[in-house]
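Please consider the following account of a single protein chain, which proceeds from individual charged side chains to the overall fold.

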Amino acid sequence: MYFTPPLARLIEEFQKFPGVGPKSAQRMAFFVLNMSEKDVHSMAQVLVEAKDKVKHCSQCFHLSANDPCEICTNERRDKGTICVVADSRDVIALEKTREYKGFYHVLNGLISPLEGRGPEQLRIRELLARTAGGALREVILAINPTIEGDATVLYISSLLKPLGIKTTRIAFGLPVGSDLEYADEVTLTRALEGRREV
């Protein structure tokens, strides 16, 4: 199929987004071309502004336009807990629950030897520095139960254990509304391990 070069380049750029294939990229490109010129300029400006202004917080490494970020400067948060996550999307997901009231630490990835990413590429050294001072009661590891996630959890917990800091991992199990008969063995095992008293 022939596209004029500027349109072809626009489609190619949209295909760089995760999960966007050729058809979706084409729909997005045609949507942009049907937008008003003012809206296109506004969108372009928002993209450039986000790229220029949003950086990693120097304390927790969450994405923010402020340094330190809004969470790190919130005096009402519990200074005794740090929740360790792989990336900023996990912080946003946990904040939506409105249950967790402590601070975060974003690793910016997981240990993955196949991708050439070891502990030294993550923000683990900075996490250990944050444990100094004695105010920390618990480190919660909110990391996905994947091979990379499990390796990262084992590595971090082996570093924290000698420090005497309580280290926990969030429970994994059955989603609300699901049937036991359709759950796989790993999910059922995690659900049993993560059980609590009622």
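**Charged pairs and overall fold**

In this predicted model, Arg77 has a relative accessibility of 12% and therefore counts as buried, the cut-off being under 20%. Its partner in a salt bridge is Glu95, and the closest N and O atoms of the two side chains lie 2.8 Å apart. This pair links distant parts of the chain: Arg77 belongs to the loop between β2 (63-64) and β3 (78-85), whereas Glu95 belongs to helix α4 (residues 88-97), 18 residues apart. Glu95 is partly exposed, with a relative accessibility of 28%.

Side chains of opposite charge can pair when their charged atoms come close. The structure holds nine salt bridges, and two further examples may be set beside the one just described.

One of them joins Lys53 to Glu49, with 3.7 Å between the closest N and O atoms. Both residues lie in helix α3 (residues 37-53); because they are four residues apart there, about one helical turn separates them. Lys53 is partly exposed at 49% relative accessible area, and Glu49 is likewise partly exposed, at 38%.

Another salt bridge is formed by Arg123 and Glu126, whose closest N and O atoms are 3.3 Å apart. Arg123 has a relative accessible area of 28%, which places it in the partly exposed class. Glu126 is also partly exposed, with a value of 24%.

The charges may also be considered across the whole chain. There are 26 positive and 26 negative charges, and the mean positions of the two sets are 4 Å apart.

How many helices and strands does the protein chain contain? It has seven helices and six strands. Along the sequence, these elements follow the pattern α-α-α-β-β-β-α-β-α-β-α-β-α. The radius of gyration of the chain is 21 Å, well over the 16 Å that the globule rule gives for 198 residues, so the chain is more spread out than a compact globule. Along the principal axes, its C-alpha atoms fill a box of roughly 65 × 45 × 35 Å.

Burial and contacts complete the picture. Of the 198 residues, 30% count as buried, and Arg77 is one of the residues in that class. The accessible surface of the chain comes to about 13,800 Å², with carbon and sulfur atoms contributing 57% of that area. When contacts between residues at least 6 apart in sequence are examined, 50% prove to join residues at least 24 apart.

Methods: Residues are numbered from 1 along each chain as its sequence is written. This is a predicted model: local features need pLDDT of at least 70, side-chain atom pairs count only at pLDDT 80 or more; totals for chains, interfaces and linings use all residues. Side-chain values use heavy atoms; hydrogens and water are left out. Helices (H or I, at least four residues) and strands (E, at least two) are DSSP runs, numbered from the N terminus. The radius of gyration is taken over C-alpha atoms; the globule rule is 2.2 Å times the number of residues to the power 0.38. Buried means under 20% relative accessible area, exposed over 50%, partly exposed in between (1.4 Å probe, protein chains only). Contact means heavy atoms within 4.5 Å. Accessible areas come from the Shrake-Rupley method with a 1.4 Å probe; for residues, only the protein chains shown count as cover. Lys and Arg count as positive and Asp and Glu as negative; His and the chain ends are not counted. The place of a charge is taken as NZ of Lys, CZ of Arg, CG of Asp or CD of Glu. A salt bridge is a side-chain nitrogen of Lys or Arg within 4 Å of a carboxyl oxygen of Asp or Glu.
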